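Hello,

Here is the structure I promised to send over. My notes follow below it, so please have a look first and then read on.

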Amino acid sequence: MSIAIIGAGMAGISCARALREAGRQVVLFDKGRAAGGRMATKRMALGEATIRMDHGAQYITARDAGFAALLQGQGIAAWPEAGRFVPLPAMSALPRALAEGLDIQLGRHVSALRRQGGQWMIEHLPADAVRPGRPLPDLAAEAAGPFDAVAVALPAPQAAPLLQPVAPALAAALEAVEYAPCWTWLAVFAARLDLPDVLRPETGPIGWAARNNAKPGREAQEAWVVQAGPEWSRAHLEDKAGDVAAGLRAALGAPAPLTEVTHRWRYSLVERALGLPCLWDGAAGLGLAGDYCLEGRVEAAFLSGQALARAMIA
Ligand SMILES: Cc1cc2nc3c(=O)[nH]c(=O)nc-3n(C[C@H](O)[C@H](O)[C@H](O)COP(=O)(O)OP(=O)(O)OC[C@H]3O[C@@H](n4cnc5c(N)ncnc54)[C@H](O)[C@@H]3O)c2cc1C
């Protein structure tokens, strides 16, 4: 049985590993340059040096015994409270390690799923031709397949347009899901800021800020990840990146950084989940997995991918 998985974040990778262990042939498609999705690392140049910053997810929690066992031996360190872990030397190291040996087609923006003789074709465009938030470019898509089944492991708002033409009931089920956006400011400084390693202010623009270099295995240079809270991110969603950076820098009370990056995550943490581990239409051979099925955490994405693989194998 051949299976296509759309999305090589934690949910897609987890699903692929379980299917491969059960002897299925699996190909993943992802628009990114590397696997991992929101478990992302930004490499920031500072002269000759590179500072790796945890750009999306900040740490992993492991409540499930199977997930906790998997983390053992994957280059994970505890940080800073019991039950929180960070991959070494940066967040993207974990999905890359787990994706080892999987067939992942990167740089492919999947633009359509097509039914063909009871199987599935995957249509994709070069990812660098696709602009976020804009209509798809008028290019002939390439087709991959046929596949016996498809697992869609994308954030719900990105999965819905793919599902609408071929599985409107699944697309409709995703309407219940809600995500918060998150403006994120990454900044590298010349000297240590006089602040604790982690800030979670109750008021103001900042929802979370952390000294990246206080995490185990990171470069020593003073570097901060500052995430705006959901309300502030929503209110400033269409602001210019420079204005957002200025607002977050002022809220942190930081001097001018040596280098900085500002990024808008449109789909960050899940605010309203589906409440089911996955969705699977056995007759169509089409399933859905992702953090949004359970809750907005890396572990939930992993468990959702496992659940979908089990449903597909049964
Ligand atoms: C700012 C931020 C902070 C967070 N902090 C934490 C934290 O501290 N702890 C925690 O546990 N979780 C945290 N999370 C949540 C965590 O990152 C996610 O729950 C988890 O990584 C989701 O995995 P996923 O596989 O469901 O989705 P994703 O990681 O989003 O993977 C989806 C993949 O699909 C690809 N894709 C999308 N559209 C297409 C398309 N059309 N064609 C091909 N590929 C496509 C993307 O490139 C991506 O690789 C955070 C997230 C953000 C953004």
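To begin with a small puzzle: is serine 2 buried or exposed? Serine 2 is buried, because its relative accessible area is 14% (buried means under 20%, exposed over 50% and partly exposed in between, with a 1.4 Å probe and protein chains only).

Two notes on the basis of all this. This is a predicted model, in which local features need pLDDT of at least 70 and side-chain atom pairs count only at pLDDT 80 or more, while totals for chains, interfaces and linings use all residues. Residues are numbered from 1 along each chain as its sequence is written, and side-chain values use heavy atoms, with hydrogens and water left out.

Back to serine 2, which lies in strand E1 (helices, H or I of at least four residues, and strands, E of at least two, are DSSP runs numbered from the N terminus). Leaving aside neighbours within four places in sequence, serine 2 is in contact with Gln25, Pro146, Phe147, Asp148 and Ala149; contact means heavy atoms within 4.5 Å.

Pro146 brings up the cis peptides. Glycine 145 and proline 146 are joined by a cis peptide bond with omega about 5°, and proline 146 sits in strand E11, residues 142-147. Another cis bond links leucine 88 to proline 89, with omega about 0°; proline 89 is in the loop between strand E7 (84-87) and H3. For context, most peptide bonds are trans.

Now the interior. The largest nonpolar core has 37 residues, of which Ile5 and Met10 touch the most other members (such a core is a set of buried Ala, Val, Leu, Ile, Met, Phe, Trp, Tyr and Cys residues joined through side-chain atoms within 4.5 Å). Elements that each supply at least two residues to this core include strand E1 (2-6), helix H1 (10-21), strand E2 (25-29) and helix H8 (298-313). Not counting residues up to four places away in sequence, isoleucine 5 touches Gly12, Cys15, Ala16, Leu19, Val26, Val27, Leu28, Phe29, Ala151 and Ala153. Apart from this core lies another, of 31 residues, with Leu113, Ala167, Leu170 and Leu288 among them.

Alanine 16, one of the contacts of isoleucine 5, belongs to helix H1. Alanine 16 counts as buried because its relative accessible area is 0%. With the residues up to four places away left out, alanine 16 touches Ile5, Val26, Leu28 and Leu102.

Then there is the ligand. It is surrounded by 33 residues, the closest being Asp30, Arg38, Tyr59, Asp291 and Val298 (a residue is near if one of its heavy atoms lies within 4 Å). A backbone N or O atom of valine 298 is 2.8 Å from a ligand oxygen atom, a polar backbone atom of arginine 297 is 3.3 Å from one, and for glycine 37 the distance is 3.4 Å; polar contacts here are pairs of N or O atoms within 3.5 Å. The protein covers 94% of the 1,000 Å² of accessible area that the ligand has on its own (Shrake-Rupley method, 1.4 Å probe). Strand E9 (108-116), H1 and H8 each give two or more residues to the shell, and E9 gives the most, with three.

Finally, glycine 204 is in the loop between strand E15 (198-199) and strand E16 (206-211), and glycine 204 is exposed because its relative accessibility is 56%.

Best wishes

Terms used. A polar contact is a pair of N or O atoms within 3.5 Å; within protein, one must be able to donate a hydrogen and the other to accept it, and residues adjacent in sequence count only if both atoms are side-chain atoms.
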